[in-house]
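Please open the model in your viewer and display it as a cartoon. The tour begins with the whole chain and then moves to individual selections.

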Amino acid sequence: MRILGFGTYNTANHPRVGVLLRGLADHGHTVRELNYPLDTGTAGRVAALASARGALSFGADIARHWWRLARGARRFRGPHAPDVIVVGYLGHVDVLLARLLFPRTPIVLDHLIFASTTATDRGLNTGIKDRLLRTLDSAAIRASTITVLDTPAHLAHMPEALRARGVVVPVGSPESFFAARSAHPVHTPPRVVFYGLFTPLQGTVTIARALRLVEERGVDLEVTLIGTGQDYAEVREILAGEGAHVRVTWRDWGDAAALPRDIATHDLCLGIFGTSDKAQRVVPNKAYQGMAAGLALITSDTAPQREMLKEAAC
């Protein structure tokens, strides 16, 4: 089939749709892309909910990118028309444009996250916003022909009347993490890495408290924590508290292309440890990526992670 990747997705920050398109190409389909990436990731898009100014700025960015998408869509008409369109991750609004531009073409929406539950996890959801975001989630799903989710728990979160069009596909990992594997022996002391946003979903406060307990029990570790977020200050406070001697290297996000090599220099990857409703439905990118890079994985004991990862994690 002729498959068109469509939208404002950014595979450097969110590689999920790149994994899907690579997999489709590897299965013999012709994959082309009409994509004008937005630099604004999940955090920025959710932050746009916090103020009218943020929402207007984000809306202006989307409008500029949509104009380019609408013009680019002319190249995919007639004999060049796609058989299927794949709208990439964070495509809640892009899928509406795709449906407008290609009204009779089957559309696959990579609906990895629900806007409403993500805003709740970031502490930005109020009654009105929740209703608006639930409406956006429903509209996105209705505009698609097939909705791809990452876990059965997320599939069950779809509106019951639309659930039959849902398909579960694991998040997976880009090839770059497999390529970064090295045959080094376990370091002494072991090297532990966490990377991600410091949000309740990730459970970074729990990670910090666990590292203090491990230290008190005499276990020596070298820890790298990569990222920032709403719980960042509390995590730093815990790990810098009285009597703390956990060896931590703090790093902000760097070059996404260098991340697989950086992760592969560690021995143990930490997944998520949140207790929110959303945390009970997801398997994070880092779980697949860390294992692809050859690391052991420790993550929370939730039903979706047990179901998707089987015995590959502890």
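The stops below proceed from the overall fold to a strand and then to a single residue.

This is a predicted model, in which local features need pLDDT of at least 70 and side-chain atom pairs count only at pLDDT 80 or more, while totals for chains, interfaces and linings use all residues. Residues are numbered from 1 along each chain as its sequence is written, and side-chain values use heavy atoms, with hydrogens and water left out.

**The whole chain.** The chain holds 13 helices and 11 strands, taken as DSSP runs (helices: H or I, at least four residues; strands: E, at least two) and numbered from the N terminus. Of its 314 residues, 48% count as buried, that is, under 20% relative accessible area with a 1.4 Å probe, protein chains only.

**Strand β7.** Next, select residues 191-195, which form β7. Because 4 of its 5 residues are buried, β7 is largely enclosed by the rest of the structure. Add residues 222-226: this is β8, parallel to β7 and joined to it by 5 bridges; strands pair if DSSP finds at least two bridges between them. Here R191 stands opposite E222. Then add β10 (residues 268-270), also parallel to β7 and joined to it by 2 bridges; within β10, L268 is the bridge partner of V192.

**Residue S144.** Finally, select S144, in the loop between α6 (127-143) and β5 (146-149). Is S144 buried or exposed? Its relative accessibility is 3%, so S144 counts as buried. Beyond its neighbours within four places in sequence, S144 contacts V95, R99, I107, L109 and R165, where contact means heavy atoms within 4.5 Å.

Definitions and conventions: Buried < 20%, exposed > 50% of the residue type's maximum accessible area, 1.4 Å probe, protein only.
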